[in-house]
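Good morning, and thank you for the opportunity to present. I would ask you to look at the sequence and the structure together, and I shall then speak about the ligand and the spaces in the protein.

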Amino acid sequence: MKIISVVGARPNFMKIAPFIRAIEKHNTAAAENIEHLLVHTGQHYDDRMSKVFFESLDIPAADIHLDVGSGSHAYQVGQTMIQFEKVLQQEKPDWVVVVGDVNATLACSVTAKKEHVRVCHIEAGLRSGDIEMPEEINRLVTDRLSDLLLTPDMLSGDNLRREGVADESICFVGNIMIDTLEAQRHTAAQLDVLEVIKDNLLQKGAVIPDEPGEYALMTMHRPSNVDRWEILGEIIDFLITDVCSKGTLIWPIHPRTQKQLQAFGLWERVQSNEKIILLHPVNYHEMLRLNMSASCMLTDSGGLQEECCVLGTPCLTLRWNTERPVTLREHGGASVLVGNDVARMREEYEKTLGNPRQPKRPELWDGRTAERCVEAIVGYN
Ligand code: UD1
C-alpha cells in the first residue's frame, strides 16, 4: 500500500509526526509494508513556522515540496492543486491522508478525488457552524469528499452522521495532537521559562523579569480578530488595561498578527508596554512549557484549546464559536468562549484568574490515536 500524507501549515506538523511514527511501527511488525511519502505544500515556509517543528518533533524531511508560499486563499489552494495533481499522476498512491483544516487539507483532498485516489481525513467532523471561517469551508469540503473519516471525539461523529455520512466511513480514533503532547511533555517540562523567553525575544530592549512570576500567555491569528482595526484595537486595550495590570503577558506573535498591528499603527503601543513580552513564534516544546506554567491562556487557536484541556490551563477562547466543544467548561474542559467582546473578556478573565488547573482527558485522548489511524486505513475495504 502506498500512502501520501500532506502537511502545509504549522498545526499540521504535530498531527503528522505521530502518524509517521505509527507507520514505521506498523512496518516493523506487519507482513505488508506501507510505502509512505510526505508532501509539504509550503503554505508556512518561515523556519520558525515550519523547519523548527520538523527538527524538534523529529519529522523526516518532506519527500516532496510544493513551495506554494503566501497568497490569497484562492492562490494557495489553486497553486497547491496544480502542483499536487502532478505528484499524484507520477506517484499513483492508494491513499492521500490529510489532517486538520488548513488550505492544504482542502486543496489536496479535492485533487486526490479528481484523480480517483482514496482520501482519509484525520480530525474529521469538527464543525464551528461558522461558514465565514476559512477553516470551516475546508472542513466541510474535505469531509464531504473523504472515504475514511477519522474523528477526534464522539461529537464529531454525531456531526458527520447528521450530514448523512455513512456509519462505515466514520471511525472514532481520538485526538492525534494529544499523541504528540504525551510523547513530548517530559522534554518540554525540562525547559526553563526564562530561557524560552530569552531565546525567542522579539523586542529590542525588553525588560525581562528575574523570575517568570504569574503570567498570562497569548496567541492570536484568526482573520476575525486581527483583520479589522476596531476589533484588534479593542483587544489591545483589554490586554493593556486588564491583563497587564495583573502581571506579565507573554505573547509569541504570529506573522499575520504582527503585520496587522503594524498596518493599523498599533505596534508601537504593544511593543513599548513593559508588561508585554513579545516573542517570535516559538517551537512546540517551548509553547508546551509556557502553557504548563501559565496562569491563563488567551487564544483563538483550536489546537491550544485542546492542549489547555489536557494540561488544565484556564483558557479564554477569543472566538464566538468553536469546532472543539469538548474542550469547553460545560463539557468539563478548561476553556470559555469570549468572542471579541471586551466586556465579556474582562468578566471571564477576572473569574478565570481564580480558577485552579483542572486537567481533563476526553475519551481516547490517550496518546495512541495514530496507531488507530493506521489500523483504520489498513483495515479499510
Ligand atoms: C493558517 C491556517 C489556520 C491555522 C494557522 C496556524 C488556513 C486557512 N489557515 O492560518 O487554520 O490555524 O495557519 O498558524 O489554512 N506568513 C509568514 N510566514 C510563514 C507563513 C505565513 O510570514 O511562514 C504570513 C503570510 O505572508 C500571510 C500570513 O502570515 O500573510 C498568514 O499566513 P496564511 O498561510 O495565510 O494563514 P494563517 O493565518 O497562518
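Let me begin with a term: a polar contact is a pair of N or O atoms within 3.5 Å. Please also bear in mind that this is a predicted model.

I turn to the contacts of the ligand. A backbone N or O atom of Asp46 lies 2.8 Å from an oxygen atom of the ligand, a distance that falls within the cut-off of 3.5 Å. For Asn103, too, the atom concerned is a backbone N or O, and it is 2.8 Å from a ligand oxygen. With Glu135 the contact involves the side chain, where an N or O atom is 2.7 Å from an oxygen atom of the ligand. On its own, the ligand has 760 Å² of accessible area, and the protein covers 89% of that.

Which residues surround the ligand most closely? There are 21 residues around the ligand, and the closest are His44, Ser70, Glu135, Arg256 and Lys259. By class, this shell consists of nine polar, six nonpolar and six charged residues.

Where does the ligand sit? The space that the ligand takes is the largest pocket. Two or more residues of the shell come from each of the helices α1 (10–29), α3 (73–91), α5 (134–145) and α11 (255–263). Of these, α11 gives the most, with three residues.

Now to the pocket itself. The largest pocket has a volume of about 1,100 Å³. Its lining comprises 45 residues, and those nearest the centre are Arg10, His44, Met49, His221 and His254. The elements that give two or more residues to this lining are α1, α2 (47–56), α3, α5, α11, α13 (284–293) and α14 (302–311). The lining of the largest pocket divides into 18 nonpolar, 17 polar and ten charged residues. His44 is thus named twice, among the closest residues to the ligand and among those nearest the centre of the pocket.

Finally, the enclosed space. How many cavities of 30 Å³ or more does the structure hold? There is one. The largest cavity contains about 50 Å³ of space. Its lining is formed by Ile122, Glu123, Leu150, Thr151, Pro152, Val173, Gly174, Asn175, Ile176 and Thr369. Of these lining residues, five are nonpolar, four are polar and one is charged.

Thank you for your attention.

Technical notes
Residues numbered from 1 in each chain as written. Predicted model: local features only at pLDDT ≥ 70, side-chain atom pairs only at ≥ 80, totals over all residues. Heavy atoms only, no water. 1 Å grid on protein atoms, 1.4 Å probe; cavity = no way out; pocket = protein on both sides within 12 Å on 5 of 7 lines; lining within 4 Å. Points joined across faces, edges and corners; volume = space filled by probe spheres on them. Nonpolar A, V, L, I, M, F, W, Y, C, P; charged D, E, K, R; others polar. Near = heavy atom within 4 Å. Polar contact = N/O pair within 3.5 Å; in protein donor to acceptor, adjacent residues only side chain to side chain. Areas by Shrake-Rupley, 256 points an atom, 1.4 Å probe, with all protein chains shown as cover. Sits in = over half its atoms within 2 Å of the grid points. Helix = DSSP H or I, 4+ residues; strand = E, 2+ residues; numbered from the N terminus.
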